[in-house]
Amino acid sequence: MTQSYGYVFKSPDLVENWLADLLRSDRWQQERLFDNRTIYFDTFDWRLYRQHTYLQMATGDGHQTQHYRCLSGDLLASLDGSAQPGFAWDLPAGKLRQQVAPLLKMRRLLPQVTVRSRLQRLALLNSDGQTVLRLQLCSDRLAEDPQGAKGDLKPHLQFVPMRGYPGAAQHLAARFDSDERLRRAAEDPLAEALAAIDRQPADYSSKLDLQLQRSQSAGQALQTILLQLLATLKANLEGTCTDLDSEFLHDFRVAVRRTRSALGQFKGILPPTELAPFRDDFSWLGTITGPTRDLDVYLLKFDAYRRRLPQHQHNDLDLFQRFLEQRQKREQQTLAAELTGPRFVSLLASWQALLEKPRQADSTLPAAELPAPAGGGQRLGKLYKRGRTAGRALSPASP
């Protein structure tokens, strides 16, 4: 790992005078000025960022390079002249693939934000004329993102020591720490770029992160749960339809399954007559997504199945693999047509309208007005008793 030092200018107006002061104070050599484009990549569920890393693809000065870094900026691995990243298994064998593959697994790397930069590179020379440190001064601007937002980011600088000269970087860092025009980069560059388009890293997770309050009624708590599940379902819809990777459909199905489970567990909180058609619709969703998911899982595990055969028989499964891939494409096309069709579009709109509908106290639904802890406790108590009853049927002779 190569340690990196990063600083941000407190104001863009300070850069010109700061650079002039720097060039007068040391043996600096201006190397070149060039434009650069950096695309930050991560999976839809932020698997790299959650491990305090990120992947960037930089294009400029006639080169294209992927850099895998810690959030602090320290370089973990690089890959020169590569195409836009996708799945881990598409990366060439080497250190970068070795480090990211266990994190990505079956998820595709997706572009999260693009930054265009004007970069000024400088080299610090010692008394012998040897380069002991390279500094990069950056003025960044967001490229057009899908929502059409763009804007300037704070100018910043970054430097790394040359091998064999760590003291030069440490001395310069101490000097910059005392410079009132600069501050240490507290945020990673990805978080800063995303903040400029009103996003934040790790803004999606398939895990339920519910903010329930003890003061809520059981009806309000159920509404919160079901609305979050709906948000998860909608977040994964585009990726499911376009088959970006298999986990979009997986998370979509989990949201459907959890919704069906919640409707079955909390009876008497929402009107049964209003829920009846939705039970059928969510059952339909489970049915139409099943074939594609089954084939996804089979293909994800196919290499493991192949390895269970003797080496000389591995190629015997090639034809079967192609058959499964073709079948998966057909099922995926059918599924995408269903999820863009009128029944599903109507389901989404009607379900959201029902969940957001203001409700008055209803004497036919007394469970809805119970405090959420009491309502949840009653349901847990019933399930516990049912589990104990089933457990009593077990004996040492049970299979």
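Helix 2 (residues 95-104) lies across strand 3 (53-60), strand 4 and strand 5, and runs at about 115° to strand 5. That is a handy place to enter this predicted model, since the strands beneath the helix lead straight into the sheet.

**The sheet**

The sheet is open and has nine strands in the order 5-4-3-2-6-7-8-1-9, with antiparallel pairing. Strand 5 and strand 9 (182-184) stand at its edges; each has a single partner strand, so one side of each lacks a neighbour in the sheet. From one strand to the next, the twist averages 30°.

Two of the strand pairs are worth a look side by side.

| Strand pair | Direction | Bridges |
|---|---|---|
| Strand 4 (residues 63-70) and strand 5 (residues 75-80) | antiparallel | five |
| Strand 1 (residues 5-9) and strand 8 (residues 156-161) | antiparallel | four |

To find your way along these pairs, you can use one residue match in each. Tyr68 has Ala77 in strand 5 as its bridge partner, while Tyr7 stands opposite Leu157 in strand 8. Strand 4 and strand 5 also form a hairpin with four residues between the strands, and there Gly73 takes a positive phi near 100°. As a reminder for reading side chains here, those of a regular strand alternate between the two faces of the sheet.

**A helix pair**

Further along the chain, helix 7 (residues 246-265) and helix 8 (residues 272-300) have axes that come within 9 Å and cross at roughly 145°. The crossing of helix 7 past helix 8 is left-handed. On the helix 7 side, the residues in contact include Leu249, Phe252, Arg253, Val256 and Leu263, and on the helix 8 side they include Leu275, Phe282, Leu285, Arg293 and Asp296. Sorted by class, this contact has eight nonpolar, nine polar and six charged residues.

**The cysteines**

How many disulfides does the model have? The count comes to zero. A disulfide would need two cysteine sulfur atoms within 2.5 Å, but the sulfur of Cys70 is 19 Å from the closest cysteine sulfur, in Cys138, and therefore too far for a bond. Seen from the other end, Cys138 is in no disulfide, with the sulfur of Cys70 as its nearest cysteine sulfur.

Are these cysteines buried or exposed? Cys70 counts as buried at 16% relative accessibility. Cys138 is buried too, with a relative accessible area of 5%.

Terms used:
Residues are numbered from 1 along each chain as its sequence is written. This is a predicted model: local features need pLDDT of at least 70, side-chain atom pairs count only at pLDDT 80 or more; totals for chains, interfaces and linings use all residues. Side-chain values use heavy atoms; hydrogens and water are left out. Two strands pair if DSSP finds at least two bridges between them. Helices (H or I, at least four residues) and strands (E, at least two) are DSSP runs, numbered from the N terminus. Axes are lines fitted to C-alpha atoms, for helices over the stretch in contact, and angles run from 0 to 180 degrees between N-to-C directions. A crossing is left-handed if the near helix is turned anticlockwise from the far one by less than a right angle, and right-handed if clockwise. Contact means heavy atoms within 4.5 Å. Ala, Val, Leu, Ile, Met, Phe, Trp, Tyr, Cys and Pro count as nonpolar, Asp, Glu, Lys and Arg as charged, and the others, Gly among them, as polar. Buried means under 20% relative accessible area, exposed over 50%, partly exposed in between (1.4 Å probe, protein chains only).
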